[in-house]
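Subject: The structure you asked about

Hi,

Here is the structure I promised to send over. Have a look at it first, and then read my notes underneath.

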Amino acid sequence: MGKTIVFANQKGGVGKTTTAVNVGSYIAAEGKKVLLVDFDPQGNLSSSVGCNNKQDGIYEVITDKRNIEDVIVKTDQEGLFIVTSNLNLSGATIELVDMEGREFILKKALESVKDNFDYILIDCPPSLGVLTLNGFVASDYVIVPLQCEFFALEGFITMLFQTVKRIQQTVNKKLKIAGIVFTMYDSRTRLSNEVIHKVKSTFASHPEILFQTIIPRNIRLTEAPSHGVPINLYDNSCVGAKSYYKLALEVIDRV
Ligand code: ADP
Ligand code: MG
């Protein structure tokens, strides 16, 4: 049965989408079958693999308008597939509020395809609202991308981990933290090094929670999405590509 991983952090611009698409692509390049699920109404994951957000996708699946099998799209990377997202999903936040079992909607939607893939990777919006909650409930593992250029991160980390703990105690007892990955690291800035130092000391009692691989700030990673391809199909030898390849191997190892 496929392993489901959610990429979550309530802050925007920390590298959730970039990490989901590139880890997914490198896992697929290792010969695994991977399904990306864009669960952010902004649809950045969809455009990162060259899909526009005009087609039916995850919103139409969770509202029973389409079967998930019929909206899975093949990407340019062999073995990498996606269920896209569009702005209709932002309306779902309101529609879901009154729905019974609203935190299980995504889990239910993915059930019929879980056996068809080795990994299912879910990209979440920047909040801890009902969509991200669905991501947590549908998943076996959570990966937390942490941007290295962020001052007030302690409060954010505490809130995020409290949420995960609450989920583990209630609606998804098997949810595990696969790890925290530092993104946008710039060795020249004091801030990057301070953030890493601080997070390392916060998790001093269980350092294994941090992935060994640190993703550097790399302009090629910013450029690839506008060409609609993951980094390995855009510039497989840049430092950003090499680090996401290493991270993907770590993810396979841990998950
Ligand atoms: P999120 O999904 O958390 O909002 P994104 O993955 O969309 O974050 O990243 C935010 C922006 O930063 C995007 O423009 C992306 O291309 C860019 N970006 C992400 N990771 C890196 C990196 N390691 N180096 C340079 N730019 C990056
Ligand atoms: Mg995103």
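Below is what I found, going from the ligand to the sheet and then to the helix packing. Keep in mind that this is a predicted model.

Ligand 1 first. There are 18 residues around it, and Gly 15, Lys 16, Thr 17, Thr 18 and Thr 222 come nearest. By type, the shell splits into ten polar, six nonpolar and two charged residues. Two helices, H1 (16–29) and H10 (219–223), each give at least two residues to that shell. H1 has the largest share, with three residues.

Next, the sheet. Seven strands make up an open sheet with mixed pairing, and the order across it is S3-S4-S2-S5-S1-S6-S7. At the edges sit S3 (72–74) and S7 (176–183), each of which pairs on one side only. From one strand to the next, the twist averages 25°. If you want to look at one pairing in detail, try S3 with S4 (residues 80–83): the two are antiparallel, with three bridges between them. There you'll find Lys 74 opposite Phe 81 of S4.

H1 turns up again here, since this helix packs on the sheet. The strands H1 touches are S1 (3–7), S2 (34–38), S4, S5 (119–123), S6 (141–147) and S7. Its direction makes about 165° with that of S5.

One residue I'd click on is Val 34, which is in strand S2. Is Val 34 buried or exposed? It counts as buried, because it has 25 C-beta neighbours inside 10 Å and the cut-off for buried is 20 or more. Leaving aside neighbours within four places in sequence, its contacts include Gly 24, Ile 27 and Ala 28, as well as Leu 80, Phe 81, Tyr 119 and Leu 121. Val 23 is eleven residues away from Val 34 in sequence, and their C-alpha atoms are 10.0 Å apart.

Last, the helix pair. H1 also meets H12 (residues 239–254): their axes come within 8 Å and cross at roughly 70°. H1 is therefore roughly perpendicular to H12, as angles from 65 to 115 degrees count that way. On the H1 side, the residues involved are Asn 22, Val 23, Tyr 26 and Ile 27. H12 brings Tyr 244, Tyr 245, Leu 247, Ala 248, Val 251 and Ile 252. Nine residues of this contact are nonpolar and one is polar, with no charged ones.

Cheers

Notes
Residues are numbered from 1 along each chain as its sequence is written. Chains are lettered from A and ligands numbered from 1 in the order in which they are written. This is a predicted model: local features need pLDDT of at least 70, side-chain atom pairs count only at pLDDT 80 or more; totals for chains, interfaces and linings use all residues. A residue is near a molecule or strand if its C-beta atom, placed from the backbone, lies within 6 Å of it. Helices (H or I, at least four residues) and strands (E, at least two) are DSSP runs, numbered from the N terminus. Ala, Val, Leu, Ile, Met, Phe, Trp, Tyr, Cys and Pro count as nonpolar, Asp, Glu, Lys and Arg as charged, and the others, Gly among them, as polar. Two strands pair if DSSP finds at least two bridges between them. Axes are lines fitted to C-alpha atoms, for helices over the stretch in contact, and angles run from 0 to 180 degrees between N-to-C directions. Two residues are in contact if their C-beta atoms, placed from the backbone, lie within 7 Å. A residue is buried if 20 or more other C-beta atoms lie within 10 Å of its own, exposed if 12 or fewer, and partly exposed in between; C-beta atoms are placed from the backbone. Angles under 35 degrees count as roughly parallel, over 145 as roughly antiparallel, 65 to 115 as roughly perpendicular and the rest as oblique.
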